[in-house]
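Colleague: I should be grateful for a close look at one part of this chain, set in the context of the whole. Please take the structure below as the basis for the discussion.

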Amino acid sequence: MTTVHKLPTELALNANDSHKHGHHLPLRRVLSRTFFLGLAVIAMFAVYVLLGSYTVTIPDFFTIVINHLTGGEKIPGASFIVMEHKLPRAVVGTMIGIAFGLAGALFQTMLRNPLASPDIIGISYGASAAAVTAIVIFGASGAVVSGAALGGALGVAAIIYAISRGGSGAGGGSRGNAAGNRLILAGVGIAAALHAVVNFLMTRADIRTAADALIWLNGSLNSATWDRAGVLAVSLLILIPAVIALAGPLRILELGDDAAAGLGIKVSAARLGLVLTAVGLAAVATAAAGPVAFVAFLAGPIARRLVRKPSLPASALTGALIVLLADFFASNIAPVILDGTVLPVGVITGALGAPFLLWLLVTSNRKEA
């Protein structure tokens with residue numbers, strides 16, 4: 001009898017051991033690739049702020065920032081453009097990229113499914129439906145729309161999680177996968193229903209209100225301000241430590257629910273903590289800039305291909321890099337190509353998402369073959 005009780009734990013320990021040894025060798029390479037990814041984000045941040053339709057020299061940039069902080073003399077025009085437009089936009093873009101990247105990676109790793117990102121499973125649609133309702137029906141703007149989006153994302157996440165928990169069978173090994181599949185299916189169904197709600201509201205709105213709602217729905221950094229950056233920074237200071245605390249249980253959950261339980265992980269509590277943290281990250285990012293399409297979906301798989309293993313820091317940095325690159329293109333290069341039309345960042349990330357999904361399916365099929 002004792003052997004039977006010990007067996008799952010022994011198997012789990014062996015699996016965990018091989019899991020660790022399998023990843024121990026390339027650890028230095030993983031860290032160096034993540035470091036270079038961090039350098040790429042810093043370089044892109046500098047390009048974003050210094051170059052573009054209005055260029056700023058490096059000495060001028062430091063003069064502007066130092067004078068702004070010390071109350072010194074402002075450079076006419078340049079100080080306003082850097083401190084009130086370029087810099088807050090770059091800071092907010094970096095932070096929402098980090099938040100979306102982490103949210104997507106947490107869902108994809110926990111559910112062991114590359115499709116399990118906030119875009120696909122309905123959380124972004126929850127935020128969109130609530131925000132569009134606030135704009136069209138109540139004429140809301142600014143912080144009220146952000147608050148509605150936050151509430152909508154959390155409400156839909158709670159519904160999806162409740163549906164995915166319902167009907168759990170007694171089969172321990174498959175229970176995690178079954179709950180994960182139910183969560184994705186419930187999310188896709190709710191997303192479709194909310195998409196219909198958004199379309200209905202848009203047809204009822206007057207042209208100006210519909211235009212405001214459409215800009216928000218596409219995901220845009222136009223409303224980036226220092227206040228918004230402050231709220232995002234505080235949210236990330238709360239949520240990132242939660243991600244760090246849950247990273248250990250998440251790695252063990254990758255071995256399967258039985259193995260994780262055998263290693264002393266409280267599976268349900270760990271899953272709930274991961275869902276709450278991932279939803280919180282996606283919700284605050286969506287509230288700040290709208291549902292910037294596919295960043296959460298793209299960041300994890302791209303990071304995995306860059307560092308050759310699942311990595312939360314690499315996913316966060318990849319998310320930031322995607323948003324900065326996409327918004328730089330949308331603000332500075334698209335107007336040249338499209339005769340002055342400035343695109344919202346979500347249009348560019350959305351255009352990247354569909355071909356990447358097809359590429360992901362093709363490469364995974366090739367691996368299986």
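How many salt bridges does the structure hold, and what surrounds the helix that takes part?

Modeller: The model is a predicted one, and every value that follows is computed from it. The structure holds one salt bridge. Its partners are arginine 89 and aspartate 327, whose closest N and O atoms are 2.8 Å apart. Because arginine 89 lies in helix α4 and aspartate 327 in helix α13, the pair ties together parts that are 238 residues apart in sequence. Both arginine 89 and aspartate 327 are buried.

Before helix α13 is followed further, the overall composition may be stated. The chain contains 14 helices and zero strands. Along the sequence, the pattern is accordingly an unbroken series of α elements. Of the 369 residues in the chain, 48% count as buried.

Helix α13 covers residues 312-337. Isoleucine 333 belongs to helix α13, and isoleucine 337 has its place there as well. Isoleucine 333 counts as partly exposed because its relative accessibility is 35%, whereas isoleucine 337, at 57% relative accessibility, counts as exposed. The two isoleucines contribute to a nonpolar surface patch of about 450 Å², which is made by Phe329, Ile333, Val336, Ile337 and Leu338. Isoleucine 333 can also be related to leucine 343, which is 10 residues away along the chain: the C-alpha atoms of isoleucine 333 and leucine 343 are separated by 9.8 Å.

Beyond helix α13 comes a loop that leads to α14 (345-368), and aspartate 339 lies in this loop. Aspartate 339 is not a glycine, yet its phi is positive, near 60°. With a relative accessible area of 76%, aspartate 339 is exposed. A comparable backbone feature is found at phenylalanine 294, which has a positive phi of about 70° although it is not a glycine. Phenylalanine 294 lies in the loop between α11 and α12 (295-307).

Helix α13 also has a part in the largest pocket. The volume of the largest pocket is about 540 Å³. Its lining consists of 28 residues, and those nearest its centre are Arg251, Pro310, Ser311, Leu312 and Pro313. At least two lining residues are supplied by each of α1 (2-24), α2 (27-50), α4 (78-111), α9 (226-253), α12 and α13. The two helices joined by the salt bridge, α4 and α13, are therefore both represented in this lining. The most is given by α9, with six residues. By class, the lining of the largest pocket has 16 nonpolar, eight polar and four charged residues.

The second largest pocket holds about 450 Å³ of space. Among the 18 residues that line the second largest pocket, Asp119, Tyr125, Leu217, Pro291 and Ala293 are the closest to its centre. Two or more lining residues come from each of α5 (123-136), α7 (172-204), α8 (207-218) and α14. Helix α7 provides the largest share of this lining, five residues. The lining of the second largest pocket divides into 11 nonpolar, six polar and one charged.

Enclosed space remains to be described. Rolling a probe the size of a water molecule over the atoms shows where empty space is left. The count comes to three cavities of 30 Å³ or more. In the second largest cavity lies about 50 Å³ of space. The lining of the second largest cavity is formed by Phe107, Ile121, Ile123, Ala157, Ile160, Tyr161, Leu183, Val275 and Val279. The elements that give two or more residues to this lining are α6 (143-165) and α11 (267-289). Helix α6 supplies the largest share, three residues. By class, the lining of the second largest cavity has nine nonpolar, no polar and no charged residues.

To return to the part requested, helix α13 provides aspartate 327 to the salt bridge with arginine 89 of helix α4. Helix α13 also carries isoleucine 333 and isoleucine 337, which are included in the nonpolar surface patch, and it supplies at least two residues of the lining of the largest pocket.

Conventions. Residues are numbered from 1 along each chain as its sequence is written. This is a predicted model: local features need pLDDT of at least 70, side-chain atom pairs count only at pLDDT 80 or more; totals for chains, interfaces and linings use all residues. Side-chain values use heavy atoms; hydrogens and water are left out. On a 1 Å grid over the protein atoms alone, a cavity is a set of points where a 1.4 Å probe fits but cannot get out, and a pocket is an open set with protein on both sides within 12 Å along at least five of seven lines; lining residues have an atom within 4 Å of a point. Grid points are joined across faces, edges and corners, and a volume is the space filled by probe spheres set on the points. Helices (H or I, at least four residues) and strands (E, at least two) are DSSP runs, numbered from the N terminus. Ala, Val, Leu, Ile, Met, Phe, Trp, Tyr, Cys and Pro count as nonpolar, Asp, Glu, Lys and Arg as charged, and the others, Gly among them, as polar. Patches are made of residues with over 30% relative accessible area and no salt bridge: like charges are joined within 9 Å, nonpolar side chains (Val, Leu, Ile, Met, Phe, Trp, Tyr) within 5 Å. Accessible areas come from the Shrake-Rupley method with a 1.4 Å probe; for residues, only the protein chains shown count as cover. A salt bridge is a side-chain nitrogen of Lys or Arg within 4 Å of a carboxyl oxygen of Asp or Glu. Buried means under 20% relative accessible area, exposed over 50%, partly exposed in between (1.4 Å probe, protein chains only).
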